[in-house]
Structure formats: structure tokens, C-alpha cells
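Biologist: I would like a close look at one part of this model. Please take the strands and what lies around them, and walk me through slowly.

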Amino acid sequence: MGELVPCGGGDPIPLFKSKLVLGRRESCDISLKFANVSGQHCRMSLESGYWFVRDLSSRNGTKVDGRRIFRKRLDPGCVLSIAKHDFNVEYDPQKLGAFGTPPPDDDDAEELLRRSLMDRAGLSRRNPNQPNTNKNILDD
């Protein structure tokens, strides 16, 4: 299903089931024995042939390609950072069920919060230079 390859060298970590919790605790699916990794640091899930990662309110954060995330799609070849430990994410979406379909949306909350409320609602801002075409009932 893929693997995490430590950037500084070391044995690859197999991604052996579709939902994985990564953290310092023994009870995690993937246990990372580092003091700066939270007990339950992040969760990885396989969705429509693509891996996603969600930070679990970790103390030292989760990053994808150098950017801190809440939830993010992990494209093949990207770098996942758990605290300060970097891993190359290696997998083939075609082998995991993504047959010619576009990748699912990122759904990253951080990116969503950067957009205006009107944008998030699917509405555009009214241009003050354009005349108002909405007719008010009281104007009649």
C-alpha cells in the first residue's frame, strides 16, 4: 500500500492498512520513538487511492512539503514531516484504486481559512462599480 522512507536514511516503514495512527505510543499503528513526537501525533488514511494525513493536535506539528497542515493529501514523492522527522511518501495511486480519476480535494482547513467567508460560501463579492441588479420590493 506504500511506504514512508526516512529522508536521513533507515528502513522504510510499510503502510500496511488503510487507516494508521502514528505517534510515540506503543499502541499506535506506527510507533516513532522520538521525544518530540506526540503520543498520537497524526493519522493517515487511504481515500480513493490517495493517502491523506491529519494532525491530531500534536505538540510539534505535522508538515507536508515544509508547510504545516491540519489535513492534507499526500501525493507520491512528497515529504511528510512528523515533528522534525522527514519521510518521503512512496506509493502508486493506480495500484490503490485511483483509475484515471483526478485526486480527491485536499480539504486543508488552513487553506480554507485563508479564503474569505463569501468565497467559502461560493458567493462572489459585489463589485461597487457595477449597478445593483437586485430590485428592492420597497422601491416600487
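Modeller: What follows goes from the whole chain to the sheets, then to the core and the charged pairs.

This is a predicted model. The protein chain holds two helices and 11 strands. Read from the N terminus, the order is β-β-β-β-β-β-β-β-β-β-β-α-α. The strands thus precede the helices along the chain. Of the 140 residues, 32% are buried. Take the contacts with a separation of 6 or more: 38% of them link residues 24 or more positions apart. The exposed surface comes to about 9,000 Å², and carbon and sulfur atoms supply 49% of that area.

Now the sheets. Strands of a sheet pair through backbone hydrogen bonds, either parallel or antiparallel.

One open sheet has five strands, in the order E4-E3-E5-E6-E9. Its pairing is mixed. Strand E4 (30–31) and strand E9 (71–74) form the edges. Each has a single partner strand, so one side of each has no neighbour in the sheet. E9 meets E6 in the antiparallel sense, over four bridges. Within E9, Lys72 stands opposite Val53.

Another open sheet has six strands, in the order E2-E1-E11-E10-E7-E8. Here the pairing is antiparallel. Strand E2 (13–14) and strand E8 (67–68) are the edge strands, and each pairs on one side only. Inside this order, E10 and E11 pair over four bridges, again antiparallel.

Look closely at Ser81. This residue sits in strand E10 and stands opposite Asp86 in E11. Ser81 has a relative accessible area of 8%. The cut-off for buried is under 20%, so Ser81 counts as buried. The side chains of Ser81 and Asp86 are joined by a polar contact of 2.6 Å. Setting aside neighbours within four places in sequence, Ser81 is in contact with Gly61, Thr62, Lys63 and Asp86.

Next, the nonpolar core. The largest one has 25 residues. Those that touch the most other members are Leu4, Leu22, Met44, Val53, Leu74, Leu80 and Ile82. Several strands each supply at least two core residues: strand E3 (19–23), strand E5 (42–47), strand E6 (50–55), strand E10 (79–82) and strand E11 (85–90). E6 gives the largest share, four residues. E3, E5 and E6 belong to the five-stranded sheet, while E10 and E11 belong to the six-stranded one. Both sheets therefore have strands that supply this core.

Val53 is worth a second look. This residue is among the core members with the most contacts to other members, and also stands opposite Lys72.

Leu4 shows how such a core residue is surrounded. Beyond residues up to four places away in sequence, Leu4 touches Pro12, Ile13, Leu15, Leu22, Met44, Leu80, Phe87, Asn88 and Val89. Three of the names in that list, Leu22, Met44 and Leu80, are also among the core members that touch the most others.

Last, the charged pairs. Side chains of opposite charge can pair when their charged atoms come close. The structure holds four salt bridges. Here are some of them.

Asp29 and Lys17 meet through their side chains at 3.0 Å, N to O. Asp29 lies in the loop between E3 and E4, and Lys17 in the loop between E2 and E3, so this salt bridge ties together parts that are 12 residues apart in sequence. Asp29 is partly exposed, with a relative accessible area of 28%. Lys17 is partly exposed too, at 36%.

Lys33 and Glu26 form another salt bridge, at 2.2 Å, N to O. Lys33 has 51% relative accessibility. The cut-off for exposed is over 50%, so Lys33 counts as exposed. Glu26 is exposed as well, at 62%.

Arg73 and Asp75 give a further salt bridge, at 2.7 Å, N to O. Arg73 is buried, with a relative accessible area of 14%. Its partner Asp75 is partly exposed, at 30%.

To draw this together: the two open sheets run E4-E3-E5-E6-E9 and E2-E1-E11-E10-E7-E8. The largest nonpolar core takes its biggest share from E6. Ser81 and Asp86 link E10 and E11 by a side-chain polar contact.

Definitions and conventions. Residues are numbered from 1 along each chain as its sequence is written. This is a predicted model: local features need pLDDT of at least 70, side-chain atom pairs count only at pLDDT 80 or more; totals for chains, interfaces and linings use all residues. Side-chain values use heavy atoms; hydrogens and water are left out. A nonpolar core is a set of buried Ala, Val, Leu, Ile, Met, Phe, Trp, Tyr and Cys residues joined through side-chain atoms within 4.5 Å. Buried means under 20% relative accessible area, exposed over 50%, partly exposed in between (1.4 Å probe, protein chains only). Contact means heavy atoms within 4.5 Å. Two strands pair if DSSP finds at least two bridges between them. A polar contact is a pair of N or O atoms within 3.5 Å; within protein, one must be able to donate a hydrogen and the other to accept it, and residues adjacent in sequence count only if both atoms are side-chain atoms. Accessible areas come from the Shrake-Rupley method with a 1.4 Å probe; for residues, only the protein chains shown count as cover.
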